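Morning, everyone. One chain today, and I'll keep it brisk. Have a look at the structure first.

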Amino acid sequence: MNIPYDLIRSKKRRRTISLLIKEDGGITVSVPYRTPDEEIERFMEERKSWICRKLSEKERLKKEAEKAFLPGEEFLFLGEWYPLAVEENGHREPPLKLSFGRFILNPDIAGEARNAFIEWYKKEAKEVIVNRAEIYSHRLQLFPMRIRITNARCRWGSCSRDNCLALSWRMIMAPLSIIDYVLMHEMAHLKEKNHSRRFWGYLESILPDYRERRFWLKKNGHLLHL
C-alpha cells in the first residue's frame with residue numbers, strides 16, 4: 001500500500017527527514033532540499049507499519065468522538081462535560097441553551113441538533129476568545145489587527161501575514177488554559193512569524209508551561225469535534 005503524503009523540501013539547514021501526521025490524518029514529510037527520492041521512499045517504507053497504526057488509531061478516536069445528539073449524551077464546554085436533555089423550553093427561549101448543568105435542546109429542532117450546537121459554540125467562542133485576546137494583548141503589548149472565529153477542523157489557530165488571528169470555534173470545548181495556549185501561540189507570531197528557536201523561546205517566556213498545554217491538545221484534540 002502506497003501512503004500519500006505532502007513533501008516539503010527545505011533549503012534551510014535541515015539535516016534530517018521528519019514526518020508529521022496531522023489531526024485530519026494528512027501526512028507531511030519534510031526533507032533537506034537535495035534529498036534523493038529513493039531515500040525518501042526508503043524512509044516511508046521503513047515506517048509504513050507505524051504510520052498505519054497511527055492512522056488506524058486516529059480513525060478509531062474520531063469514531064468514538066462522533067455525536068448522535070441523543071438525550072443523556074455529554075458535550076464539552078470549556079473542558080467540562082454536560083449532558084443533553086431534549087425538552088420544551090418555551091417559544092421565546094433559544095433552540096439550545098446551557099442551563100443548570102445541562103444542555104437543553106428544543107425537540108422541534110432535534111433534527112438540526114448539530115447545527116444548533118455549532119451556532120451555540122460559535123457565539124460562545126467569539127465572546128470568550130475575543131475577551132481573552134484583549135486581556136493578553138494589553139499584558140503582552142501585542143495587538144492583532146482583528147480576530148476571526150473559523151470553521152477549521154484541524155487547525156486550531158493561525159496568524160496571517162497582516163497580523164489577523166483566527167481560531168476555530170471548536171476551541172471553546174477545551175479548558176480555558178488550552179484556549180489561552182492556542183491564543184498566546186498565535187499572538188507570539190505577531191512578534192515572530194515562524195517556528196524558530198526565537199519563537200519557542202519567546203512563547204516559553206510568556207507561557208512557561210506551554211509544552212504541557214500543547215501535549216493536552218495533542219492527546220485530546222479528537223474530543224473537540226461533533
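**Fold, cysteines and one loop residue**

The chain has six helices and 10 strands. Keep in mind that this is a predicted model.

Start with the overall dimensions. Taken along the principal axes, the C-alpha atoms fill a box of roughly 65 × 50 × 25 Å. The chain has 226 residues, and 41% of them count as buried. Now the contacts. Take those with a separation of 6 or more. Of these, 46% are between residues 24 or more positions apart.

Next, the surface. The accessible surface of the chain is about 14,000 Å². Carbon and sulfur atoms make up 49% of that. On charge, we have 42 positive and 32 negative. The mean positions of the two sets lie 8 Å apart.

On to the cysteines. How many disulfides does a search of the whole structure find? The count is zero. Take Cys 159 and Cys 164. Why is there no bond between them? Because their sulfurs are 8.1 Å apart, and that is too far. The cut-off for a disulfide is 2.5 Å between sulfur atoms. For Cys 159, the closest cysteine sulfur is the one in Cys 164. Turn it around, and the nearest cysteine sulfur to Cys 164 is that of Cys 159. So what about exposure? Cys 159 has a relative accessible area of 18%, so this residue is buried. Cys 164 is at 14%, and therefore counts as buried too. The threshold there is under 20%.

Last stop, Asn 194. Where is Asn 194 found? In the loop between α4, residues 176-188, and α5, residues 197-206. Its relative accessible area is 33%, so Asn 194 is partly exposed. That value falls in between the 20% limit for buried and the 50% limit for exposed.

What does Asn 194 touch? Set aside neighbours within four places in sequence, and Asn 194 is in contact with His 189 and Phe 199. There is a polar contact as well. The side chains of Asn 194 and Ser 196 are joined by one of 2.7 Å.

One distance to finish on Asn 194. Thr 35 sits 159 residues away from Asn 194 in sequence. In space, C-alpha to C-alpha, the two are 23 Å apart.

To recap. Six helices, 10 strands. Zero disulfides. And a partly exposed Asn 194, with a side-chain polar contact to Ser 196. Thanks, that's me done.

Conventions
Residues are numbered from 1 along each chain as its sequence is written. This is a predicted model: local features need pLDDT of at least 70, side-chain atom pairs count only at pLDDT 80 or more; totals for chains, interfaces and linings use all residues. Side-chain values use heavy atoms; hydrogens and water are left out. Helices (H or I, at least four residues) and strands (E, at least two) are DSSP runs, numbered from the N terminus. Buried means under 20% relative accessible area, exposed over 50%, partly exposed in between (1.4 Å probe, protein chains only). Contact means heavy atoms within 4.5 Å. A polar contact is a pair of N or O atoms within 3.5 Å; within protein, one must be able to donate a hydrogen and the other to accept it, and residues adjacent in sequence count only if both atoms are side-chain atoms. Accessible areas come from the Shrake-Rupley method with a 1.4 Å probe; for residues, only the protein chains shown count as cover. Lys and Arg count as positive and Asp and Glu as negative; His and the chain ends are not counted. The place of a charge is taken as NZ of Lys, CZ of Arg, CG of Asp or CD of Glu.
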